[in-house]
Amino acid sequence: MKLPIFIENSRVPKILSYIAPIDIWAINIGPFVWCRGEYTEVLKRHEGIHWEQQKELLIVGQWLLYICFYLRNLIRLGWKDRKAAYRSNPFEMEAYRNEYVVDYIKIRKKYEWMRYI
């Protein structure tokens with residue numbers, strides 16, 4: 001079985017958007033990636049990068065750091081700029097900057113997200 005497992009047309013992102021500070025289209029939690037619609041290759045690469053980050057930090061560690069970085073960015077940028085706080089997260093920065101690189105996951109160095117701190 002190839003991981004992560006992509007699940008299309010799911011209600012999970014919409015439900016989580018009610019408690020999240022942003023509108024979620026797709027979310028990666030452990031080996032599962034839920035998407036509101038259908039996946040593009042770019043979105044699969046983006047979420048695949050998050051899967052690599054989670055494996056490095058044993059899933060829970062990545063989510064704890066993700067929340068800490070997000071809260072730090074909220075304090076730094078202000079509550080009204082939640083999207084900028086999200087995009088300034090080093091995990092998201094790595095994923096967004098490399099989602100168009102077709103073989104990125106193959107050439108990616110471990111803990112590459114740390115370059116974006």
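Is Asn 73 buried or exposed? At 0% relative accessibility, Asn 73 is buried. The legends below describe close-up views of a predicted model.

**View 1. Surroundings of Asn 73 in helix H3.** Asn 73 is part of helix H3 and has a relative accessibility of 0%. Leaving aside residues up to four places away in sequence, Asn 73 touches Gly 78, Ala 85, Ser 88 and Asn 89. Its side chain also makes a polar contact of 3.0 Å with the side chain of Arg 76. Trp 63 is 10 residues from Asn 73 in sequence, and the two C-alpha atoms are 15 Å apart.

**View 2. Helix H5 and the helices around it.** Helix H5 covers residues 90–98, and 7 of its 9 residues are buried, so the helix is largely enclosed by the rest of the structure. The buried residues are Pro 90, Phe 91, Glu 92, Met 93, Glu 94, Ala 95 and Asn 98. They pack against helices H2 (41–56), H3 (60–77), H4 (82–87) and H6 (104–107). At the N-terminal end of H5, Asn 89 acts as the cap, with a side-chain oxygen 3.0 Å from the backbone nitrogen of Phe 91. Asn 89 is also one of the residues touched by Asn 73.

**View 3. Contacts of Gln 62 in helix H3.** Gln 62 belongs to helix H3 and is buried, with 1% relative accessibility. Apart from residues up to four places away in sequence, Gln 62 touches His 50, Gln 53, Gln 54, Leu 57 and Phe 91. Phe 91 is among the buried residues of H5.

**View 4. The hairpin of strands E2 and E3.** Strand E3 (residues 32–35) runs antiparallel to E2, and 4 bridges join the two. Ile 27 has Trp 34 in E3 as its bridge partner. The hairpin has 2 residues between its strands, and Gly 30 in the turn has a positive phi of about 65°.

**View 5. The salt bridge between Asp 23 and Arg 36.** The closest N and O atoms of Asp 23 and Arg 36 are 2.9 Å apart. Asp 23 lies in the loop between H1 and E2 and Arg 36 in the loop between E3 and H2, so the pair ties together parts that are 13 residues apart in sequence. Asp 23 is exposed at 61% relative accessibility, whereas Arg 36 is partly exposed at 23%.

**View 6. The salt bridge between Glu 56 and Arg 108.** In this pair the closest N and O atoms are 2.5 Å apart. Because Glu 56 lies in helix H2 and Arg 108 in the segment after H6, the salt bridge ties together parts that are 52 residues apart in sequence. Glu 56 is buried, with a relative accessible area of 10%, and Arg 108 is buried at 12%.

**View 7. The salt bridge between Lys 106 and Asp 103.** The side chains of Lys 106 and Asp 103 meet at 3.9 Å, N to O. Lys 106 is exposed at 72% relative accessibility, while Asp 103 is partly exposed at 41%. Elsewhere, salt bridges that share partners join Glu 56, Glu 94 and Arg 108 into one network.

**View 8. A nonpolar surface patch.** Ile 15, Tyr 18 and Ile 19 form this patch, with about 410 Å² of accessible area together. Tyr 18 sits in the loop between helix H1 (12–17) and strand E2 (26–29). Its relative accessible area is 64%, over the 50% cut-off, so Tyr 18 counts as exposed.

Conventions
Residues are numbered from 1 along each chain as its sequence is written. This is a predicted model: local features need pLDDT of at least 70, side-chain atom pairs count only at pLDDT 80 or more; totals for chains, interfaces and linings use all residues. Side-chain values use heavy atoms; hydrogens and water are left out. Buried means under 20% relative accessible area, exposed over 50%, partly exposed in between (1.4 Å probe, protein chains only). Contact means heavy atoms within 4.5 Å. A polar contact is a pair of N or O atoms within 3.5 Å; within protein, one must be able to donate a hydrogen and the other to accept it, and residues adjacent in sequence count only if both atoms are side-chain atoms. Patches are made of residues with over 30% relative accessible area and no salt bridge: like charges are joined within 9 Å, nonpolar side chains (Val, Leu, Ile, Met, Phe, Trp, Tyr) within 5 Å. Accessible areas come from the Shrake-Rupley method with a 1.4 Å probe; for residues, only the protein chains shown count as cover. A salt bridge is a side-chain nitrogen of Lys or Arg within 4 Å of a carboxyl oxygen of Asp or Glu. Two strands pair if DSSP finds at least two bridges between them.
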